Amino acid sequence: MTILESEKDIAALREGGKILASVLNEVARRVAPGVAAADLDALAEKLIREAGAEPSFKNYKTPDDKIPYPASLCVSVNDEVVHGIPDQKIFQEGDVVGLDLGLKYKGFYTDSAVTALAGKADTESLRLVETAKKSLAKGISVVKDGARIGDIGFAVQSRAEKDGFGVVRKLVGHGLGRKVHEGPQVPNFGSRGSGMALKKGLVLAIEPMITAGDSDVYLDDDLWTWKTKDRSLAAHFEHTVIVTENGAEIITKL
């Protein structure tokens, strides 16, 4: 776990978060029918490096991964939940496009995700994306010194299921800061008052993964992309936050 106490370290984390938010916003703005996912990946890496940071996903590999992740930006389309590889797939009208990006700046890692719509989307897609965004906000709203991990999951799950959507359980949020992924795990489901107590200075990536159908997922043959088993649409939003006495400071907010 990364628990930051030094104002210098927190300031560095904030700087990296601002860079990440700016890059991700620009990449999301480019989502449109006819655009290639690979072009967005190239743009994201270019902007990150120009800002003096490093992409943290490119060539990332845990002991459990068979191959390193081959890109800087994860681009997950429609039934792809997370970690979609930005190959030469071209966005079509109405596609639901998840964009997940991480970077390293002054020794600290930040991570964020948004879901954008290519062109004009149908009502169900709009509802799904809006609910995923609100689920993230709800999860962040309960974060404070002394709250529990389960409080976050309960808030996310309750908000998503209220609108009739599913919550992915196989994949979760996480701690970060000095590494791309650290403890603790931050599920998007749970019970109030359960799990580890949050501490001031703890850095977390909260990331609801919400589905329009069943919440079961599987790993694609490319060994990175997670997809819904029933081929239903998925949306993904994420912020890096730091726990404070009174709430959560969103590090990756513009």
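So, Gly175 pairs across to β9, and its bridge partner there is Leu204. Keep in mind that this is a predicted model. Gly175 belongs to β7, residues 173–175, and β7 and β9 are joined by 2 bridges and run antiparallel.

Now stay on Leu204 and look the other way. In β14, the bridge partner of Leu204 is Val241. β14 covers residues 239–243, and 4 bridges join it to β9, again antiparallel.

What about the side chains on β9? In a regular strand, side chains alternate between the two faces of the sheet. And here, Val203 and Ala205 point one way, while Leu204 and Ile206 point the other. Both pairs are buried.

β9 also turns up when we get to helix α4, residues 149–162. Among the elements covering the buried residues of α4 are β9, β8, α3 and β10. How much of α4 is buried? It's 10 of the 14 residues, so mostly covered, counting a residue as buried when it has under 20% relative accessible area. The list includes things you'd expect me to read out, like Ile149, Ile152 and Val156, but also Asp151, Gln157 and Arg159. On length, α4 reaches 20 Å from first C-alpha to last, close to the 20 Å expected at 1.5 Å a residue. Just after the helix, Gly164 takes a positive phi of about 85°.

Helix α2, residues 37–50, makes a nice companion. At 1.5 Å a residue, its 14 residues should span 20 Å, and the end C-alpha atoms are 20 Å apart, so that agrees. Its buried residues include Leu40, Leu43 and Ile48, along with Asp41 and Glu45. An α-helix has 3.6 residues a turn, so residues three or four places apart point the same way. Covering the buried residues of α2 we have, among others, α1, β1, β2 and β4. And just after α2 there's a glycine with a positive phi, Gly52, at about 85°.

Last stop, the largest pocket. Its volume is about 820 Å³. Which residues lie nearest its centre? Those are Thr62, Asp65, His83, Leu171 and His181, out of 32 lining residues. By class, the lining has 15 nonpolar, 8 polar and 9 charged residues. β7, where we started with Gly175, supplies at least two residues of that lining, and so does β8. β8 gives the most, with 4 residues. Remember, β8 was also one of the elements covering α4.

Definitions and conventions:
Residues numbered from 1 in each chain as written. Predicted model: local features only at pLDDT ≥ 70, side-chain atom pairs only at ≥ 80, totals over all residues. Heavy atoms only, no water. 1 Å grid on protein atoms, 1.4 Å probe; cavity = no way out; pocket = protein on both sides within 12 Å on 5 of 7 lines; lining within 4 Å. Points joined across faces, edges and corners; volume = space filled by probe spheres on them. Nonpolar A, V, L, I, M, F, W, Y, C, P; charged D, E, K, R; others polar. Expected span 1.5 Å × (residues − 1). Buried < 20%, exposed > 50% of the residue type's maximum accessible area, 1.4 Å probe, protein only. Contact = heavy atoms within 4.5 Å. Pairing = 2+ DSSP bridges.
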